[in-house]
Structures are given as C-alpha cells and as structure tokens.
Amino acid sequence: MSTYRIVSLPGDGIGTEVITEGRRAADAAIAAVGRSIDWVEYDWSCETYRTTGRMMPEDGIDRVRDANAIYLGAVGSPGVPDHISLWGMLIPLRRELDLYANVRPVRLMPGVPSPLANRSPEEVDFVVVRENVEGEYSAIGGRMYDGTEHEAAYQQAVFTRRGCDRIMDYAFALAADRRAAGKGGKVTSATKSNGIVHTMPFWDERFEAARGRHPNAETDQFHIDILCARFVTNPDWFDVVVGSNLFGDILSDLGPAVSGSIGIAPSANIDPTGRNPSMFEPVHGSAPDIAGRGVANPIAAVWTASMMLDHLGEAEAAALIEGAMETVLAMPEGRTRDLGGRASTRSCGDAVVRAIEAA
Ligand code: NAI
Ligand code: MG
C-alpha cells in the first residue's frame, strides 16, 4: 500500500495544536519512505457537543471503521462535564472498535528532566499495557435510597477469561519483541489478590495460565500498592507491565510522571487482531490552562504518530520520527516551556520536521 487513510480527530484545546504538528511529522516521515497519508479530519469535540448535543454523529463509529488508523488529540472543555466527553466519544471508540490493549511506553529521554534523581535513560525504559475495555470500568451498578441515610452505590467489576487472556498474551508478545530487540523481555503483572478476593485471584490464575503458554518468558507480579512505589524507587526493574483497566490507568499516568513531562507521553489503543483501526493519542488532555497560546509541547503527539506508523508496518518512518524527536529534545532551543525551554508548539514541530528531513 502506498497511501494510508487516517482519521484525524484533533478534539479540543491543545489537542488541535499538537495534532497539527504530529501530522506534519508523520507526513514528512512517510514521504521520506516514498508513501503518503490521506488524512480525513472530523471536528468531533466538546465544541460540537455545544452546538449539536453530541460529541460525535450517530454514525461516528461507522465513519472511522474503514480507516487504517485514528489519530486523536484530546477532548475536554470547561463547562462540559468530563463524563460526557469520555462516554460520548472516547469510550465508545475504544469499546465498539474493541481496542482492548492500551499501550503506553515510558522512557526517560536525554534532555528531559525526571523527578527521579540520578536515573539515566537506560534505567527507565518500560511499557505499561492496560486492559482497555472491561474490568473495573463497567457501567454495571446503580444507586439505591438516594438522599436517605440508607443511600448506597454499587459498581460491578467484570473480568472475563477472554479479556484477561488476550491482554496478557499481548503483553507476552510485546515482551518477546522487546527481548528480540535487546531490551529486557520480562512481564510484570499488577494484582491485588490479597484485598480484592474474587476478580484478582482470577486475574492471577489467568496470569499463571499465560505463563504456561509463554514458558520462556521471565515474569513477576506485585500488588498494585507496592508496584506504584517500585515505579518510583526501582523503575529499572520493569520492562512490560500488564494491568487491569483501573490498575493500568493508574500505572500509565504514574509511568510518564516518573519519566518527565506529560507533554511527551504517547499512547496507543490497539485492536491486535487488526479487524478495526487502532487509535493513537497523546496521554495528556486538552489542557485548557494553556490552550490557544501556542506553548503546548507537541512531542507527545509526535511520539504518538511514530507509534501509529510503526503499528501500520512503517518501522522505518517510525524510527525517523523517533530519532528526530530525540534530536530535538536534546537541543535546549527545541524544548517547550514544560521542559524548561522557550520553544513554541510550532517551532518545536518545525525542528522535528527539519530533523526528519535531514536524516
Ligand atoms: P491535562 O493533561 O489536560 O493537563 C494537565 C496539566 O499538564 C496542565 O497543567 C497542562 O497545562 C499540562 N499539560 C498537558 N499537556 C501538555 C503539553 N502537551 N504541553 C505542556 N503542558 C501540558 O489534564 P487535565 O487538566 O486533568 O484535563 C483537562 C481536560 O482534558 C479535562 O477536560 C479532561 O477530561 C481532558 N482529558 C482528556 C483526555 C483525552 O482526551 N484522552 C485525557 C486526559 C484529560
Ligand atoms: Mg488516565
């Protein structure tokens, strides 16, 4: 294939600013390997919600289903409750497209200050794999006796054998790829089977079964509380960390926090079967506090674009972006304010494109 069809959803706030730069990086890198991207942009966002009452049109999912990938900025706007933007767009996209693996690489980049003292880039290089469609984030539950002294709320977690097995197999496959690339290769399971006595022992059983299917892999497991502590005290212990929807959510924000700025952290929502387009988005949100000022760090969106091209089988283009990103982060004038520099979103994006073209 020489042209990819990619749906671009810039969303709200800095989403629109950083996606512009990420697209320029993707275009430059894919052109360098002789191919192109046909971008299809939709303005689905809290802005559209204000005028239409919907985050995305009723046939939104059908409009993206045939794309090769989806590239999303962020949604969220003051005045629109976050559960509207989440359940009106992000969650339907993840669930209806069965994007069951949420993948967030964590790497300390040269030039990026980390809150962890005395850690070098080689010591912080791991990936959090989060189960993205079931677990604790279910809509099953309800409230009773509202407003009385017997008021109660119930929320049901859902762990299926299929859901656990497939996310764990994904984590083991990723670890095997990383081992082949000369990086670690261990799978760590995030559990809490001492306190949550039904779903978490089941998760542990499924992890044991997954170990049986991947007998050559190195593994370990930690309860989520001490695991959070270890991310801070011993980030060098980890390579691929697999967790349920809730635990993975927590770890995948903690990971980027230990590696520096949220302004550089990328993520992918993947359907490993390839039946549906996977969706790629920076970890950060729409940052209303800095939106519209041209100061947002575009590197998270740029790194996300690299993950997207890699997923599409364009490893060479992906590597071009990653190399450019490292070059730009290493130059003081390439860094935006969140990294202590003075670059604007645009000038950082320009530097990335120049570095890709010079490679
Ligand atoms: P946020 O990630 O938007 O911002 C947190 C802090 O990090 C802010 O101080 C912001 O200025 C800074 N920041 C974030 N990205 C940055 C970048 N690229 N460069 C420089 N600084 C950056 O998280 P927050 O404030 O909790 O949420 C704001 C809105 O975004 C909410 O409506 C929330 O629901 C939404 N959100 C959407 C997400 C998505 O679409 N996937 C993910 C997270 C939040
Ligand atoms: Mg989160």
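Domain bounds are those given by an automatic or database domain assignment. The model shown in these views is predicted.

**Figure 1. The protein chain splits into two assigned domains.** Domain 1 covers residues 1-106 + 263-359. Domain 2 covers residues 114-259. The C-alpha centres of domain 1 and domain 2 are 24 Å apart. Across the boundary, 15 residues of domain 1 make contact with 17 residues of domain 2. On the domain 1 side, α4 (82-96) and β4 (101-107) each supply at least two of the touching residues. Strand β4 gives the most to that side, with six residues.

**Figure 2. The whole chain holds eleven helices and twelve strands.** Its radius of gyration is 20 Å. The globule rule gives 21 Å for 359 residues, so the chain is as compact as a globular protein of that length. The C-alpha atoms fill a box of roughly 60 × 50 × 40 Å along the principal axes. Buried residues account for 47% of the 359 residues. Take the contacts between residues at least 6 apart in sequence: 76% of them join residues at least 24 apart.

**Figure 3. Ten strands line up in an open sheet.** Their order is β2-β1-β3-β12-β11-β4-β5-β10-β8-β9, and the pairing is mixed. Strands β2 (36-41) and β9 (218-223) stand at the edges. Each has a single partner strand, so one side of each is left without a neighbour in the sheet. From one strand to the next, the twist averages 25°.

**Figure 4. Strand β1 pairs with the edge strand β2.** Strands of a sheet pair through backbone hydrogen bonds, either parallel or antiparallel. Here β1 (residues 3-11) and β2 run parallel, joined by six bridges. Look for Tyr 4: its bridge partner in β2 is Ile 37.

**Figure 5. The largest nonpolar core contains 103 residues.** Val 129, Ala 171 and Ile 321 touch the most other members. Helix α9 (residues 299-311) gives the most to this core, with nine residues. Domain 1 and domain 2 both give residues to the core, so it lies between them.

**Figure 6. A close-up of Ile 321 shows its contacts in space.** Leave aside residues up to four places away in sequence. Ile 321 then touches Ala 25, Ala 29, Val 302, Ala 305, Ser 306, Leu 309 and Ile 356. Ile 321 is one of the residues that touch the most other members of the largest nonpolar core.

Definitions and conventions
Residues numbered from 1 in each chain as written. Chains lettered and ligands numbered in written order. Predicted model: local features only at pLDDT ≥ 70, side-chain atom pairs only at ≥ 80, totals over all residues. Core = buried A, V, L, I, M, F, W, Y, C linked by C-beta atoms within 7 Å. Buried ≥ 20, exposed ≤ 12 C-beta atoms within 10 Å, placed from the backbone. Helix = DSSP H or I, 4+ residues; strand = E, 2+ residues; numbered from the N terminus. Contact = placed C-beta atoms within 7 Å. Rg over C-alpha atoms; globule rule 2.2 N^0.38 Å. Pairing = 2+ DSSP bridges. Axes fitted to C-alpha atoms, helices over the stretch in contact; angles between N-to-C directions.
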